[in-house]
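This report covers one helix and a set of charged side-chain pairs. Please keep the sequence and the structure in view while reading.

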Amino acid sequence: MINALIKTLSDSDERVQDVACQTLVKIGKKAANYARISALTKLLQDRQWSARKAACTVLKAMGEKAATAHTINALIQILRDEKGIMRTAAREALAKMGQNAGEHRLIGKLIQTMQHSQHDVREAACQVLTKIGRNVATMDVIDVLIQALQDKEWSVRKAACESLKAIGDKAVTRQAVQALIERLGDMEEEVRRAARDALIDMPPKIATQDTIDAIIQVLHGRDHDVRHGTRQTLVVMFIKALKNDTLDIVLNALGYPNDDVTYAACGALAHTETNAATREIIQALIKILRDSKTGIKTTAWEALARMCYIATPTREYLTHYQARRNPDFSLIRTALIELLKCDHIGFLHHVDYVIKQALQYDDNGLRYDACKLIAKQNTYATDKTTAYLLVEILKDSHGKLKAAACEALKMIEPIFATNEVIDAVVKALKDPDPDVKVAACKAITAISEQAATKDTIDALSSTLRDPDSRVKQHAAKALTAMVDQTTMKDSIDVLVQALKDSDRDVRRFACEAFTEIKGNAITKEIVDVLVQALQDSNFYVRRAACTVFIKMSEKAATKDIIDALTPALRDSEKSMRSLACEAFEKIAEKAAAHDTICALSQVLQDPDKYVQANACKALAAMGEKAITNEILETLSHMLKHSTSYGKQAASEALVKMADQTVTNEPTDILIRALQDPEADVTFYVYKALEKLSDKAAIEITIGVLIQKLRNPDHRVRNYARETLVALAKKKVLNDFMDVFIQAMQNPEAFVKVTACQVLKTMGQTAAATSTVNAAIQALKDPESDVKTSAWELLANMVEKEATVETINLLIQALQDPAWQVRSAACKAFAKLGESETRNGTINIVIQALKNSQETMRCAACEALKEMGENVAVKDIIDALIETLQDPQVSVRRAACEALAKMGDCWTRDETMKAVIQALRDSNPDVKRAACQILANMGEKATNKGTIDALVETLHHHESRVQEAA
């Protein structure tokens, strides 16, 4: 059966071969005997590559039992096969044969093959050695691989590196290591990477001073990529040296004048698991931090932090190093001071170790720096141990250190805010130093949820009366933070009482605290106190109270608040007047009373333009909510006499009112404003009218805007056009299509252009026969701008209304002397090619190809060129082929250009004959167009007839024809 299966491997059916191969692979070594191996070896010469591959696969399954001299020779011959899949199959079979015992006959043959003239054969031999691995570790193999590292082909050099890596420890000879180091500077990145991997994979014993000196030599005069890879290798070599306890090698590198070497040494120290924390190494790292560039400093920082951690274990992390070196604490202290100076420490590893170590030292300066560092972090920078250490500092320190500890507790993760932490911070509120109290308030604010107790609130209440204004301010903020917690009522009671305090700073900060409280927490009691605060002698108190009412929005629309805000419109401080206007804007609907409107109208005369603007916004908001004659008169006045911001606000308010009311008064005011000679007034009115949506208001406005299209001032005309187009985009002009169709008959060109643009913007709604007819009439206008606009409109319309008259007019437009008209017609035909009506269009254009006028026939070709592949049907192709016989040169050339745009559909025999005939045309332009067709066709046009015609064309007397051919 096995013999029959081997014979089946040469079957003509590859599926049969595959089944037989899979069966033999499953049998594996059991099928191996001399006769069968010989049969398979003979099969390696089969003419079918699939049979040869199957034989390789079965021999691989047989492994070392198939390693006969004859078989090995045959497989090595296949390493030269032109098919990559065959070389791979042979390589895997040879590797399998040599894996178990490193078959000496195979190794000898592979060494010979390494001298082969073909580089891919040498590469394949290397790859076989790589797969065999340690079993080929003889000096002869290593020598030939070292020689291959100098091969002229980079793929062979790379394969040699991979082989030496696979051989492992046995490849660690001085010559092999030196040869691999030289490859670190190879021109090819893949070779450099393979050499680096081989060196990194070698045992620590290679990390001698000689090895490292040789690697350093590679760095000199190299580009960035080479230096980067070499530096990575150096890092691993230094780590190996540290494992060997040869610290002098790393210490020497720390003082080396090359930055890459120093960086690599620092990187090794930062990642080592070895205790390298000697006095000398720590001193060298401190010197680097003080003197070096930023790039090296970052790695030096991590290295020094690692050394400090190794030298002095913290309470949480006990050291596991047995050979402790323990430098004196003064040196570690110096190191920690340097570490804490780093600006970007928060982004580095080991920062928590450094902070904990610094907090444990009996050195106030060091602990202060650590606390300040914690406070700088963007995220939680404390855990349970750090929190404990900070509380210990709070208990036995004072002044700036105590304040810094409180600041650090601001960054405590809430789950670590224990009662002990909270008690220590609350106790700090009684410290005589105002900086400590401010920091304590900030810490309480940060942990408000955990600190929200009666005792904390009482302590903050007392702190509110501190003589230092900063302390009072932060105490109020801390109380505010507790409003959302379970102690909300207690916190609010304290703040309410503070609003009645005789100290203006207490009142101010309590009032400002209420600006941070959510609106639903504002009770009637708070409102009553805030209303009183609006009359406070202190500006900051009044401002804070007004800000609270702004945040309350409609909830502040009570009589008491409105009565209190009205006098604020006359406040001596402009920012207070501005805030009062803003508050009225928020409560516009209920505040729209006579007294309020009068007060806001007076503010329109305010000397400050921002106050005027906010008054305008408030009045405009009132107009939107409640339309009264008084408000309409005020808004009308604002359109003429307010600031630009006020004019805009008034215009927009009137538009909203026009949409909401059944009367025409708001619209009439806007229309009258359009007569204003000042352009900035009309600009804001026009922009506001773009937002109209009420049908009655739009009907009145359209007539006025069309009149404005005839205004001698070009700015007014443009404003009117932009407004009409903007309204058309909103689809609010659909009911007024007849107005614009009629406007297309207007004697003024600008009116007609705008009417076309509006109808075009209306899109499908305007796609009616009446619109198409109006556009066709506009095509006869002597003004090119009108014709262009009409063509653009028609381009949109014809997709739905493609009539014979329309298509013929479009074809005529292709002959228009104005380029704008021709361009619009081309765009129209391009759309027609994509539309559902293209079949009807095609028939009309085909008829135009037979028109008696030369220009009409040319234009028809141009139309087909624009429609391109979308109309590449048999009738069109046949019509264009026929047109290639046209007596007029211009028509023949246009037909060629149209055919060139028809895609692959014109590669039929009859088409090719017509193109070849065009190549022999007497006119050079026709010849060039025919050449372009063949160029577009590429290989599809390759036949004897076209080649002969092109060769003939190459002899044309005109250089441009020769070039095209």
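The text below takes the helix first and the salt bridges second. The model is predicted.

**Helix H8**

Helix H8 covers residues 119–132, which is 14 residues. From first C-alpha to last, H8 reaches 20 Å. That is close to the 20 Å expected at 1.5 Å a residue. The buried residues of H8 begin with Val121, Arg122, Ala124 and Ala125. Cys126, Val128, Leu129 and Ile132 complete the list. Arg122 is thus listed among the buried residues of the helix. Just after H8 comes Gly133, with a positive phi of about 75 degrees.

**Salt bridges**

Side chains of opposite charge can pair when their charged atoms come close. The structure holds 26 salt bridges. Three of them are tabulated here with the distance between nitrogen and oxygen.

| Pair | N to O distance |
|---|---|
| Glu338 and Arg290 | 3.0 Å |
| Asp431 and Lys402 | 3.0 Å |
| Lys559 and Asp563 | 2.8 Å |

Start with Glu338 and Arg290, which form a salt bridge. Glu338 lies in helix H19 (residues 329–340) and Arg290 in helix H17 (residues 279–291), so the bridge ties together parts 48 residues apart in sequence. Glu338 is buried, at 11% relative accessible area. Arg290 is partly exposed, at 48%.

Next comes the salt bridge between Asp431 and Lys402. This pair also links distant parts of the chain, 29 residues apart. Asp431 sits in the loop between helix H24 (419–428) and helix H25 (434–446). Lys402 belongs to helix H23 (residues 399–409). How accessible is Asp431, in relative area? Asp431 has a relative accessible area of 10% and is buried. Lys402 counts as buried because its relative accessibility is 13%, and the cut-off for buried is under 20%.

The pair Lys559 and Asp563 joins side chains within one helix, H33 (residues 559–568). The two are four residues apart, so about one helical turn separates them. Lys559 has 62% relative accessibility and counts as exposed. Asp563 is partly exposed, with a relative accessible area of 40%.

Salt bridges can also share partners. Arg157, Arg183 and Asp186 are joined into one network in this way.

**In brief**

Glu338 is buried, while its partner Arg290 is partly exposed. Asp431 is buried, and Lys402 is buried too. Lys559 is exposed, whereas Asp563 is partly exposed.

Notes:
Residues are numbered from 1 along each chain as its sequence is written. This is a predicted model: local features need pLDDT of at least 70, side-chain atom pairs count only at pLDDT 80 or more; totals for chains, interfaces and linings use all residues. Side-chain values use heavy atoms; hydrogens and water are left out. The expected span of a helix is 1.5 Å times one less than its number of residues. Buried means under 20% relative accessible area, exposed over 50%, partly exposed in between (1.4 Å probe, protein chains only). A salt bridge is a side-chain nitrogen of Lys or Arg within 4 Å of a carboxyl oxygen of Asp or Glu.
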